[in-house]
Amino acid sequence: MRDTTADAGASALDQGIDGRRAWLRLLASLALATIGGIGLWSVVVALPTVQADFGVQRGTASLPYTMTMMGIAFGGIAMGRLADRVGIVAPLTIGTFALGIGFVLSAQTTSLWQFILVQGLVIGLVGTSATFGPLIADVSHWFRRRRGIAVAICASGNYLAGAVWPPIIQYGIAEIGWRQTSVYIGVFCVCAMLPLILFLRRPSPVGADVGVADAGSHSRAPSSTTMSPSVLQALLVIAGLACCVAMSMPQVHIVAYCSDLGFGAARGAEMLSLMLGLGVVSRIASGWIADRFGGIKTLLLGSGLQCLTLLLYLPFDGLMSLYVVSALFGLSQGGIVPSYAIIVRERFPASEAGTRVGLVLMATIVGMALGGWLTGAIFDLTGSYQMAFLHGIGWNVLNLVIAIYLWRMATPHRGIGRPARGSEPHVATGAA
């Protein structure tokens, strides 16, 4: 009898799945995500400068970040759909030119509202959105045995951006001003990203990735009460929103927080860089965990650890203690967002990956945007960040509750049937 599993594995190998081509593609994707991720962090570092330049309150000065994240959120869905239809090259090329144009335009703005529109519509909606969700979905097609690690590495791009760019941007702002720094960023994005896109010209092997199990794997039959795709998608969206409202507080406001405490913006930028650099370590470790225990358990672990470390910001506000807590925060929460992409790839068809991953990551980015604004608004109302931290911890608890529910439903005979490692799972009929 013909060994269909072996034939499927050979076909996948021929198309580059798990092979040398896949790893080279992953490296190019990581570089693109790191460069394109500057759209998330440039406005964070510039927040105090922009506030002073336009003469507005902290909550108002947080709006450019909020609108950028909203643009990335909804742009990610559109770019994901485009990638599902025509491949990843088109959205990346469009996004590259949008980043170049957007940063140059932002330097010419004369009012906060002009700056907000450029950040939200050009840099966020069209630019950075193409270098996040669509890239993660594309990478997931090229790996099966090490999909968790691969997705985590690609998702680390925005954290690498957060580790690399803040000190550089802060130096540029101090030496030549934020406007001239923005011009240089735009030129660099175009010159650096276009050559990298050439490495992604080969179409993704979506067809070979559907319904093909690794040799020797044995799927567990799903329960008759399998959760519908629409319910699972909705829960993932709510979970993504909640975790990132909480996550945004240290990431968005640590620079301003340090300035308020008298430590200076440069120390805050260093903490942000440390936080996100260790977030890369956390993300890669979470990929290793996801390959062995699945996306849902990885989400549960990350959510619990993030909640614990957020609590540490309440009693500790000294310079060295903030460095330590920021480091712990980076090590705790890096795996949460990639775990959503892993869950989607475990539970839904590969041909829907760009759209469905885009929907969940849209929710995470909306959460970052909402949390960044709410934290600034609560600060304006109360004069401190203490209530803002408590508010974010409450959102984290909501995420933790959903993660526990999904974990309980994933146990045998409860609802969404955990697939065996390496296998493409059963998905209930229907669409979100």
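Are Asp138 and Arg25 buried or exposed? Both Asp138 and Arg25 are buried, where buried means under 20% relative accessible area, exposed means over 50%, and partly exposed lies in between (1.4 Å probe, protein chains only).

This is a predicted model, in which local features need pLDDT of at least 70 and side-chain atom pairs count only at pLDDT 80 or more, while totals for chains, interfaces and linings use all residues. Residues are numbered from 1 along each chain as its sequence is written, and side-chain values use heavy atoms, with hydrogens and water left out.

## Salt bridges

Side chains of opposite charge can pair when their charged atoms come close. A salt bridge is a side-chain nitrogen of Lys or Arg within 4 Å of a carboxyl oxygen of Asp or Glu. The structure contains 5 salt bridges, among them the three in the table.

| Salt bridge | N to O distance |
|---|---|
| Asp18 and Arg145 | 3.8 Å |
| Asp138 and Arg25 | 3.0 Å |
| Glu346 and Arg347 | 3.9 Å |

The helices named in this report are DSSP runs (H or I, at least four residues), numbered from the N terminus. Asp138, in helix α9, pairs with Arg25, in helix α2. This salt bridge links distant parts of the chain, with the two residues 113 residues apart.

The salt bridge of Asp18 and Arg145 also joins distant parts of the chain, 127 residues apart. Asp18 is in the loop between α1 (4-14) and α2 (20-36), and Arg145 is in the loop between α9 and α10 (147-155). Asp18 counts as buried because its relative accessible area is 14%, whereas Arg145 is partly exposed at 47%. The backbone of Asp18 has a phi near 65 degrees, a positive value in a residue other than glycine.

In the third pair, Glu346 and Arg347 are both buried.

## Helix α9 and two close approaches

Helix α9 is mostly covered, with 9 of its 9 residues buried. Among them are Gly133, Pro134, Asp138, Val139 and His141. Val139 lies 7.0 Å from Ala150, C-alpha to C-alpha, and the two are 11 residues apart in sequence. Ala150 belongs to helix α10 and counts as buried because its relative accessible area is 1%.

Another pair is separated by 90 residues in sequence: Asn396 and Gln306 are 7.8 Å apart in space, C-alpha to C-alpha. Asn396 is part of helix α20 (residues 386-409). With a relative accessible area of 0%, Asn396 is therefore buried.

## Pockets and cavities

Rolling a probe the size of a water molecule over the atoms shows where empty space is left. On a 1 Å grid over the protein atoms alone, a cavity is a set of points where a 1.4 Å probe fits but cannot get out, and a pocket is an open set with protein on both sides within 12 Å along at least five of seven lines; lining residues have an atom within 4 Å of a point. Grid points are joined across faces, edges and corners, and a volume is the space filled by probe spheres set on the points.

The second largest pocket has a volume of about 270 Å³. Its lining comprises 21 residues, and Ala83, Asp84, Gly87, Ile88 and Ser204 lie nearest its centre. Helices α6 (63-86) and α9 (133-141) each contribute at least two residues to this lining. By class, the lining of the second largest pocket has 10 nonpolar, 5 polar and 6 charged residues. Here Ala, Val, Leu, Ile, Met, Phe, Trp, Tyr, Cys and Pro count as nonpolar, Asp, Glu, Lys and Arg as charged, and the others, Gly among them, as polar.

The count of cavities of 30 Å³ or more is 5. The largest cavity holds about 120 Å³ of space. Of its 14 lining residues, Phe132, Asn158, Arg283, Val337 and Met368 lie nearest the centre. The elements that give two or more residues to this lining are α3 (38-45), α11 (157-176), α14 (229-261) and α19 (353-382). The lining of the largest cavity divides into 10 nonpolar, 3 polar and 1 charged residues.

## A nonpolar surface patch

Patches are made of residues with over 30% relative accessible area and no salt bridge: like charges are joined within 9 Å, and nonpolar side chains (Val, Leu, Ile, Met, Phe, Trp, Tyr) within 5 Å. Accessible areas come from the Shrake-Rupley method with a 1.4 Å probe; for residues, only the protein chains shown count as cover.

One nonpolar patch on the surface consists of Val281, Leu312, Phe316, Val324, Leu328 and Leu331, which together have about 470 Å² of accessible area. Helix α17 (residues 319-333) gives the most to the patch, with 3 residues. Val281 lies in helix α15 (residues 265-293) and is partly exposed, with a relative accessible area of 46%.
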